[in-house]
Structure formats: structure tokens, C-alpha cells
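I am keeping these entries as I look things up, beginning with one ring and its exposure, then going on to ring pairs, a surface patch and a pocket.

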Amino acid sequence: MTNTVVHKTDPGSISGWLNGLIGVLIFSGSLPATRIAVLDIDPFFLTFVRASIAGVLAIILVYSFREKCPLASQFVSLIIVSLGVIIGFPLLTAIALQHVTSAHSIVFLGLLPLTTAIFGVLRGGERPGIAFWIFSVLGSLLVVGFAMSQRSVASPAGDLLMFAAVLACGLGYAEGAKLTRILGGWQVISWALILSLPFMLIASFVTMPATFSGIGLPAWIGLGYVSLFSMLIGFIFWYKGLATGGIAIVGQLQLLQPFLGLSLSAMLLNEAVSPLMVLVTFGVILCVVGSRRFSR
């Protein structure tokens, strides 16, 4: 047996949208923090060690709250979550950031709401209306169009890696949200982290650098952020928001993530941000509001 926390999906839920927004705010710092970290840390080691740190914290959480082990039938979903958001997205983005700038990679996140919505239909059984899809596609086109207008450094290899990362992440989001309706948000990400922990620990030791002397303080801070916030805390709010407000609907909040991330990149990495971003951001907000308006 396992503890169950049943979330009833309500597209108009303020709680769902609030939790989703907090999750997006936390995730917005992930790519800039990763970009800072990979300047000194090997991307493979970064991917494995961040999940290992979060996995140890997840064990402490599960033990402290005396959570029972999930049912055998739920482990397939937990494996999909692990492969999508714990291994796939972090590893692919870390490698991609060796080829492209943080600002360029962030624009691919404009496709994430659309992929999340599609997987929400395929895996979560949701059926948004036509008007929702119009706003969702329009919002994604605004983000992609903005990306095309920027003179950021592009790389075919980096772009393909980012696209694969978005697909893996969308699947992991939808699958985790579906399971959150039964287990609860922090339980899902905690068990997924624990499930992948043995492999992550072994991989961390295999890819561990011979010395840590060349790793500066900014890289350590970046590692700390992606381990604690990107791998654990952000998912607690995000999965609860998706499960309560709807995978496809609340997932549209991710349209704001590229612009929040670009702002952080400008402040932390001195990467150029066009004034056009303000206008496009306003259009994206209208698309998010429109998707919520026609969510029922």
C-alpha cells in the first residue's frame, strides 16, 4: 500500500496557477545557473552529482515523513519521470550549453508548453478545446519568432540537443503530474530521485574530476541551485500546480520562463537582451491569459 493524495483537476484553480507560477520562477534560474556551472564543471558530472545531492535530500524527506513505498504499478511512471526530468533534460541541456549561449538555449523553452500540453493529452487524458490550442501555438510562435530575431550564437548540435531536452522534459512533466494526482507532488519527485540515485552515485564517481581546485565559487553556487531548487523544490510546486490546475493549462505558464531566464542571463552573465523582449513578453502574457480563459 501507499499513501494517496488525490488532487481534483480544476482549470480555474487559483491554487494550481499559483503553484505553477512559483515552479516556473524557480525553473527560470536553471539554465543560467547551469551555464555558470559548466564553465568549470564537466556537464556529465554536473548532471549526475546534482541528481545525487537531490536524491540524498529526497531520502531524508521520505524518511522524515514516513512515506510508504509506491505501488509496483506506479514504478513505470516514476521511471519515465526519472528519464525525462532527472536524467534527460539536465544532461542534454548541460551538453547543449557547451555549444550555445544561455540566452539562445532558453528560447527553446518556448516549445515546452506545447510539448507538455501534447503529452498531457497523450498521457494525462486531458482534452483542451480548440481555442486553447490556438493560444498555445500562438504563444510558442511568439517565443520562437523572438528567438529568430536575435543574433545569438546558434549551433546545429546545440539546437538538436535542446529540442531533444524539451521533448524529454515535456514527457516527464506530464507523467509526473498524472502521478501527483495520486501520490502528491513532493512524493513523486522524491521517489523518482531515489529510484535513480544508485545509478547517479555510480556515474558521479566515474565522471568525478581528478581535482576540484579549478572550480570557482560561482560554479559551486550554480551547482547548489540546480541541485536544491531545480531538481527538488521547483518540482514540488510545479507538479502540484499541473495536477491541480491541469497539465496542458498550467503548462502554458512556461511561456514566461524564457523571458524570466533571459532577464537572469542579462543580470548574471552580461548576455545581451533586446528591448523587443518587453513587447513579446506582453504578447506571451496575453496568450497565457487567453489559454486560461478558454481552459474549461
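Entry 1. I looked up W220 and found that this residue is partly exposed, at a relative accessible area of 37%; I keep in mind that the model is predicted. F212 also falls in the partly exposed class, its relative accessibility being 34%. For both I used the window that runs between the 20% limit for buried and the 50% limit for exposed.

Entry 2. I next asked how many aromatic pairs the structure holds, and the count came to 11. One that I examined joins F27 and W238, with 6.4 Å from centre to centre and 80 degrees between the planes, which is an edge-to-face arrangement. Since F27 belongs to helix α1 (residues 14-27) and W238 to helix α10 (residues 217-245), this pair ties together parts that are 211 residues apart in sequence. I then checked the exposure of the two partners, and both F27 and W238 turn out to be buried. Turning back to F212 and W220, I noted that their ring centres are 6.0 Å apart with the planes at 40 degrees, so I recorded the pair as tilted; an angle over 60 degrees would have been needed for edge-to-face, and one under 30 for stacked.

Entry 3. Which residues do ring pairs link into a cluster? I listed F27, Y173, F235, W238 and Y239 as its members, and I had already noted F27 and W238 as buried.

Entry 4. I followed F212 and W220 to the surface, where they belong to a nonpolar patch together with L201, F205, M208, L217 and I221, and the combined accessible area of these residues is about 720 Å². Helices α9 (185-207) and α10 each contribute at least two residues to the patch, and α10 gives the most, with 3 residues. For L217, which I located in helix α10, the relative accessibility is 61%, and this residue therefore counts as exposed.

Entry 5. My last search was for the second largest pocket, whose volume I noted as about 160 Å³. I found its lining to be made up of G29, P32, A33, I36, P218, I221, G222, Y225, L264 and L268. Two or more lining residues come from each of α2 (30-37), α10 and α12 (257-269), and α10 gives the most, with 4 residues. I marked I221 in particular, as this residue appears both in the nonpolar patch and in the lining of the second largest pocket.

Note on methods: Residues are numbered from 1 along each chain as its sequence is written. This is a predicted model: local features need pLDDT of at least 70, side-chain atom pairs count only at pLDDT 80 or more; totals for chains, interfaces and linings use all residues. Side-chain values use heavy atoms; hydrogens and water are left out. Rings of Phe, Tyr and Trp (its six-membered ring) pair if their centres lie within 6.5 Å; planes under 30 degrees apart count as stacked, over 60 as edge-to-face and the rest as tilted. Buried means under 20% relative accessible area, exposed over 50%, partly exposed in between (1.4 Å probe, protein chains only). Patches are made of residues with over 30% relative accessible area and no salt bridge: like charges are joined within 9 Å, nonpolar side chains (Val, Leu, Ile, Met, Phe, Trp, Tyr) within 5 Å. Accessible areas come from the Shrake-Rupley method with a 1.4 Å probe; for residues, only the protein chains shown count as cover. A salt bridge is a side-chain nitrogen of Lys or Arg within 4 Å of a carboxyl oxygen of Asp or Glu. On a 1 Å grid over the protein atoms alone, a cavity is a set of points where a 1.4 Å probe fits but cannot get out, and a pocket is an open set with protein on both sides within 12 Å along at least five of seven lines; lining residues have an atom within 4 Å of a point. Grid points are joined across faces, edges and corners, and a volume is the space filled by probe spheres set on the points.
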